Every structure is written in structure tokens, then in C-alpha cells.
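Q: I am new to this structure and would like a close look at a single part of it. Please walk me through it step by step.

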Amino acid sequence: VIVKDGVGPGGKRVMFQDVAGLDEAKLEVMEFVDFLKDAKKYERLGAKIPKGALLVGPPGTGKTLLAKAAAGEASVPFFPMSGSDFIEMFVGVGPSRVRDLFRQAREAAPCIVFIDEIDAVGRARGRGGFSGGNDERENTLNALLVEMDGFNSTTGIVVLAGTNRADILDKALLRPGRFDRQISIDKPDLRGRKQIFDVHLKPLKMNVDKSEIAKKMSTLTPGFSGADIANICNEAALIAARSRKEFVELVDFEAATDRVIGGLEKKNKVIT
Ligand code: ATP
């Protein structure tokens with residue numbers, strides 16, 4: 001299991017202020033931060049602390065970023081894993097990776113475990129037809145359920161998981177005491193896009209009002225995710241640097257937007 005600790009580039013921990021918009025989702029995730037920071041407050045009154053939550057939303061909307069920021073805010077280690085990493089060709093590897101992950105998490109608790117693309121392991125089991133080759137996935141899912149049932153409020157582990165398809169998940173995962181909360185993470189609206197541009201324009205060298213550029217660019221990018229916006233900002237800087245400019249300018253952002261749209265179109269093209 002590869003363990004990262006939520007430290008971003010430059011060695012700084014990711015915090016809520018690095019996550020633009022997503023105000024409601026932040027509030028909900030904040031609760032988990034509080035559980036980790038002050039479990040006693042809840043236990044004293046006999047409350048059982050929820051074990052985890054699903055972050056549900058389209059790709060690139062900041063699910064991983066938000067989970068990492070929760071770890072940053074709570075000052076606890078962050079254990080990220082992708083659902084697809086559990087699925088291996090070799091029998092038994094998936095379940096043992098799950099056990100390994102939770103063993104490390106128990107040792108490091110309080111901590112946050114984040115499973116991205118949980119649908120890769122968590123798809124509903126035994127949906128008719130040919131099930132050959134799926135046993136490994138089912139075993140992995142079972143191992144995950146066993147691990148989640150195996151700790152309690154006092155263990156100090158919060159499990160967050162990301163998916164863009166909550167509807168295809170096995171109901172067993174959504175039962176009370178497992179991922180019984182869903183937090184929805186939507187694509188940003190105009191205001192959200194402006195805020196995401198504000199965050200990603202910060203490191204760029206510019207000689208115009210960044211806030212104005214953010215405002216303008218947010219109107220040109222409906223339907224874009226946070227990841228697309230981060231991409232545009234970096235592309236714009238690359239384009240400006242290539243033409244040996246001193247500063248990144250509006251035209252560079254426009255060219256970058258074209259390029260990112262081109263990339264998106266290619267990605268969506270059906271290969272025949
Ligand atoms: P996936 O479902 O593909 O794993 P995700 O929802 O987990 O995607 P992230 O990996 O968190 O998305 O986002 C990718 C990058 O996009 C982030 O590292 C960040 O640079 C940028 N980003 C996305 N959403 C936001 C946001 N709300 N605020 C600031 N940056 C964002």
C-alpha cells in the first residue's frame with residue numbers, strides 16, 4: 001500500500017481554503033474533522049460516530065482534494081487508495097491490500113482513509129449472468145466490509161470514498177455503520193468557477209487584475225470541472241512561457257481554453 005500523507009506540492013498540507021466553492025460539502029466534511037479532533041465530546045453523550053461518507057460527483061470536481069483537506073484540517077495522516085488498485089490479476093491480492101490498508105490506518109489513527117473510484121470494488125454483487133472473474137472483486141468487497149465493521153467510534157478512523165456512480169454500489173456498502181452518508185459534489189456554477197479560478201491564478205505571474213480574469217474566464221467555461229480549470233490555468237502559463245512572455249495574459253487563457261476543450265473532445269470521441 002502506498003501511503004501519502006496529504007502533503008501537497010511545496011510540502012504544505014492541503015486545507016479547506018485550497019478547496020474553492022463546495023460550501024455545503026465542506027460543512028458536512030467539517031463534521032468528520034470535528035469527530036477526529038474531539039471524539040470524546042460525542043462519546044460522552046452516547047453518540048456513535050459515523051464511520052464514513054461517500055463523496056458523490058463527476059470526475060475532477062474535487063472529491064480527492066476535499067478528503068485531503070479534511071485530513072489537513074484535522075492534522076491527521078491521509079491514506080489514499082484507488083478502488084482500481086485493489087483489483088489485480090492475482091487471486092487474493094485485492095483482499096490483502098484492503099487488510100494492509102486498514103492495518104496501517106489502525107496504527108496511525110486518528111486518520112482518514114480515502115478510497116477513490118470505490119465503484120471499482122463496490123459494484124453490486126451477483127447481478128445475474130456470468131460471474132467468472134468477478135470472484136476476486138467480490139472477495140475484495142467482502143474484505144472491505146469486514147474491515148469497516150471491525151472498527152468503532154473509538155478507533156479514530158474515518159473512511160471517505162469517492163464515486164461518480166452511487167446508484168451502482170452494493171447496498172451492503174451503504175448500510176448504517178458503513179458509508180451511511182452521502183455528500184454530493186457537483187460541477188461548479190458561475191460563482192464556483194470564479195472561486196476555482198481565483199485559487200489557481202494565485203501562483204501565476206500576471207500584471208493585470210487576477211480577479212477580473214477569473215470573472216471573465218468563469219463566464220467562458222460553463223460545464224468545466226475544477227480539474228479542467230486547474231488545467232486551463234497551467235496551460236495558459238505554459239503557452240505564455242513558450243512565447244517568452246513576462247506575464248500570463250488573457251489571450252493565453254483563451255488559447256488554453258481552446259486546447260483544454262480540444263482535449264476534452266478527444267477524450268469523449270467514440271472509437272469505432
Ligand atoms: P476523480 O473523480 O477523477 O478522482 P476528483 O473529484 O477526486 O476526481 P480531484 O482529484 O480532487 O477530483 O481534482 C483534481 C484537481 O482539480 C485538484 O487537484 C485541483 O487542482 C483541481 N480542483 C478540482 N476541484 C477543485 C476545487 N473545488 N477547488 C480548487 N481546485 C479544484
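What volume does the largest pocket have?

A: Happy to help! A little background comes first. This is a predicted model, in which local features need pLDDT of at least 70 and side-chain atom pairs count only at pLDDT 80 or more, while totals for chains, interfaces and linings use all residues. Residues are numbered from 1 along each chain as its sequence is written, and side-chain values use heavy atoms, with hydrogens and water left out.

Now to your question: the volume of the largest pocket is about 1,300 Å³. A pocket is found on a 1 Å grid over the protein atoms alone, as an open set of points where a 1.4 Å probe fits, with protein on both sides within 12 Å along at least five of seven lines; lining residues have an atom within 4 Å of a point. Grid points are joined across faces, edges and corners, and the volume is the space filled by probe spheres set on them.

The lining has 48 residues, and those closest to the centre of the largest pocket are Asp18, Ala20, Gly62, Leu65 and His200. Two or more lining residues come from each of helix 1 (23-37), helix 3, strand 4 (157-163), strand 5 (181-184), helix 9 and helix 11. These elements are DSSP runs numbered from the N terminus: helices are H or I with at least four residues, strands are E with at least two. Helix 9 gives the largest share, six residues. By class, the lining holds 16 nonpolar, 16 polar and 16 charged residues. Here Ala, Val, Leu, Ile, Met, Phe, Trp, Tyr, Cys and Pro count as nonpolar, Asp, Glu, Lys and Arg as charged, and the others, Gly among them, as polar.

What takes up this space? The ligand sits in the largest pocket, meaning that more than half of its atoms lie within 2 Å of the grid points. Around the ligand are 17 residues, of which Ala20, Gly60, Thr64, Asp116 and His200 come nearest; a residue counts as near if one of its heavy atoms lies within 4 Å. This shell divides into eight nonpolar, six polar and three charged residues.

Some polar contacts (pairs of N or O atoms within 3.5 Å) can be picked out. An N or O atom in the side chain of Thr64 is 2.5 Å from an oxygen atom of the ligand. The backbone takes part as well: an N or O atom of Gly60 lies 2.8 Å from a ligand oxygen, and one of Gly62 lies 3.1 Å from a ligand oxygen. On its own the ligand has 630 Å² of accessible area, and the protein covers 77% of that, using the Shrake-Rupley method with a 1.4 Å probe. Helix 3 (63-74), helix 9 (190-201) and helix 11 (226-242) each give two or more residues to the shell around the ligand.

Conventions. A polar contact is a pair of N or O atoms within 3.5 Å; within protein, one must be able to donate a hydrogen and the other to accept it, and residues adjacent in sequence count only if both atoms are side-chain atoms.
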